[in-house]
Every structure is written in structure tokens, then in C-alpha cells.
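Visitor: I have never looked at this molecule before. Could you show it to me and explain how its labels are earned?

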Amino acid sequence: MGKIRHIEQTTHNPYVNLYELDVENRLGAAGKYYVASRAKDAKELELCTKKQAADGVIIYSLYGEKRDRVVLIRQYRYAIDGYIYELPAGLVEPGEDCHAAAVREMREETGLTLHPLTVDTIYEKPYYTTIGMTDECCGTVFGYADGQISTDALEDSEEIEVVLADRKEVRRILREERVAVVCSYMLMHFLHEEDPFAFLH
């Protein structure tokens with residue numbers, strides 16, 4: 001098993017930071033490894049605390065009387081200098097649980113009201129997003145959304161279009177567009193299951 005010998009924080013940013021690790025691999029050779037994290041300092045890194053917690057929340061919600069549309073956002077992302085389809089999502093604030101964060105983020109990003117489902121914790125506990133480069137964990141909240149679309153509460157840094165996609169549009173999105181990986185898996189459920197939430201029961 002590898003070993004971590006030293007941690008150095010190389011950035012001091014508000015939402016994400018880079019940490020340089022002096023490591024030793026399983027054969028005893030020394031090297032460097034780099035971890036991006038939501039942690040404000042090294043003491044908060046999961047590799048130090050050994051505690052898994054949700055940095056953010058991802059929202060998979062259905063919309064409409066027939067619940068035949070899924071709530072998506074089409075968002076500009078600097079990392080690809082382009083737009084990508086995602087599920088609504090955001091950071092969990094201190095003292096906030098995932099359901100409360102999901103309701104707040106849905107309102108802020110889309111103007112819609114989210115009604116979270118109560119599901120087995122295996123479906124909504126925090127899971128890792130891209131473990132090869134970050135310790136970020138996100139919980140998933142499932143539910144139904146209603147109301148009218150509004151982007152009035154968006155931050156200046158957010159460039160978001162709200163999309164209520166039916167199965168035909170979901171098929172087009174998966175075939176033709178850039179899609180975040182977690183979103184793509186949920187859209188595959190939506191596309192192929194008569195009840196997109198059947199796997200939660």
C-alpha cells in the first residue's frame with residue numbers, strides 16, 4: 001500500500017485548492033501526487049480526517065403532471081470552454097444536509113421547487129466524483145420538481161439554461177451533446193425505464 005509522507009498546500013482559493021503530496025508507492029519509490037480538493041487547508045483533507053462528507057449535492061428530479069420530463073441544466077464551463085448538460089447541483093453549506101442543499105440549489109439554479117424523496121441511504125450517500133484527481137464527494141437527491149423556470153437567482157459567474165427534457169430530447173442529448181458522467185447514467189435510467197425511479201424501490 002502506498003504512503004503519504006508530506007502534504008503541501010499550493011493554492012489558497014475559496015472553492016477549490018491544489019495539494020502536492022510527497023508519496024511512496026507500493027514498491028517503495030518516492031514520487032509526487034496532486035489532489036484538488038474543496039478543503040480550505042490540509043487539516044480538512046479527507047486523507048487527514050479519514051471522514052467522508054458531502055461537499056456537494058446532485059439533483060435528479062422529474063417534472064410535469066406525468067413526470068415524463070427530467071430537469072437538466074445546460075451550463076457554460078471554463079474547463080472545456082463550452083456548454084455541457086448536467087443535473088442541477090451545488091455545494092453543501094456548513095450545517096446543511098443534502099436535502100436542504102438540494103432544495104436551495106434547485107431554486108437558485110432553476111427557479112423550480114424540489115420535493116425530495118426519502119430513499120434508502122445507499123442511493124443518496126456521498127460518492128466520489130473523479131477520485132483520480134480529487135477527493136470531492138457528492139450526495140444525490142431524488143425528487144419531483146414543479147413551478148416556473150426562473151434564473152433570477154443565478155450568481156454572476158453562472159451561465160445556465162434550464163432544460164425540461166422528454167425522452168426524445170434525452171436521446172438526442174446523449175447522442176449529440178457533451179454530458180457530465182453522473183448525468184449521463186441517470187439519463188440512461190430515464191430513457192429506458194418506464195418508471196425512472198424504479199431502481200430506488
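Visitor: Why is Tyr83 called partly exposed?
Guide: In this predicted model, Tyr83 has a relative accessible area of 33%. Partly exposed covers what lies between under 20% for buried and over 50% for exposed, so Tyr83, at 33%, belongs there.

Visitor: What makes Tyr76 and Tyr83 an aromatic pair, and why is the pair called edge-to-face?
Guide: Their ring centres are 5.8 Å apart, and a pair needs centres within 6.5 Å. The planes meet at 70°, and over 60 degrees counts as edge-to-face, so both parts of the name fit. The structure holds eight aromatic pairs.

Visitor: How do you know that Phe142 and Phe199 form an edge-to-face pair?
Guide: The reasoning is alike: 5.9 Å centre to centre is within the 6.5 Å limit, and 75° between the planes is over 60.

Visitor: What does the pair of Phe142 and Phe199 tie together?
Guide: Phe142 lies in strand E10 (residues 137-146), while Phe199 is in the segment after helix H5 (181-192). The pair therefore links parts that are 57 residues apart in sequence.

Visitor: Are Phe142 and Phe199 buried or partly exposed?
Guide: Phe142 has a relative accessible area of 2%, so with the limit at under 20% it is buried. Phe199 has 23%, which is why it counts as partly exposed. Both rings belong to a cluster that ring pairs build from Tyr60, Tyr123, Phe142, Tyr144, Phe197 and Phe199.

Visitor: What makes you say that Arg67 lies over the face of Tyr144?
Guide: Arg67 is 3.5 Å from the ring centre of Tyr144, and the distance limit is within 6 Å. Arg167 lies over the face of Phe190 too, at 4.6 Å from the ring centre.

Visitor: How do you know that the span of H5 agrees with its number of residues?
Guide: At 1.5 Å a residue, its 12 residues should span 16 Å, and the end C-alpha atoms are 17 Å apart, which agrees.

Visitor: Which residues of H5 are buried, and why are they said to be on the same side?
Guide: The buried ones are Cys183, Ser184, Met186, Leu187, Phe190 and Leu191. They take up an arc of only 165° around the axis, so they sit on the same side of H5. The face turned away from that side carries the exposed Tyr185 and His192. Among the elements covering the buried residues are strand E4 (56-63), E10 and helix H4 (167-176).

Visitor: Which element gives the most to the largest nonpolar core?
Guide: That core has 22 residues, and Tyr60, Val70 and Leu72 touch the most other members. Two or more residues come from each of E4, E5, E10, E11, H4 and H5. H5 gives the most, with five residues. Apart from this core lies another, of 13 residues, including Tyr63 and Val141.

Visitor: Where is Asp97, and why is it called partly exposed?
Guide: Asp97 is in the loop between strand E7 (89-91) and helix H2 (98-110). Its relative accessibility is 48%, and exposed would need over 50%, so partly exposed is the right label.

Visitor: What makes the span of H2 agree with expectation?
Guide: The 13 residues of H2 should span 18 Å at 1.5 Å a residue, and its end C-alpha atoms are 17 Å apart, which agrees. Its buried residues include Cys98, Ala101 and Met106, and what covers the buried residues of H2 includes E4, E7 and strand E8 (113-116).

Methods: Residues are numbered from 1 along each chain as its sequence is written. This is a predicted model: local features need pLDDT of at least 70, side-chain atom pairs count only at pLDDT 80 or more; totals for chains, interfaces and linings use all residues. Side-chain values use heavy atoms; hydrogens and water are left out. Rings of Phe, Tyr and Trp (its six-membered ring) pair if their centres lie within 6.5 Å; planes under 30 degrees apart count as stacked, over 60 as edge-to-face and the rest as tilted. Buried means under 20% relative accessible area, exposed over 50%, partly exposed in between (1.4 Å probe, protein chains only). Helices (H or I, at least four residues) and strands (E, at least two) are DSSP runs, numbered from the N terminus. A charge sits over a ring if NZ of Lys or CZ of Arg is within 6 Å of the ring centre and within 35 degrees of the ring normal. The expected span of a helix is 1.5 Å times one less than its number of residues. The arc is that of the directions from the helix axis to the C-beta atoms. Contact means heavy atoms within 4.5 Å. A nonpolar core is a set of buried Ala, Val, Leu, Ile, Met, Phe, Trp, Tyr and Cys residues joined through side-chain atoms within 4.5 Å.
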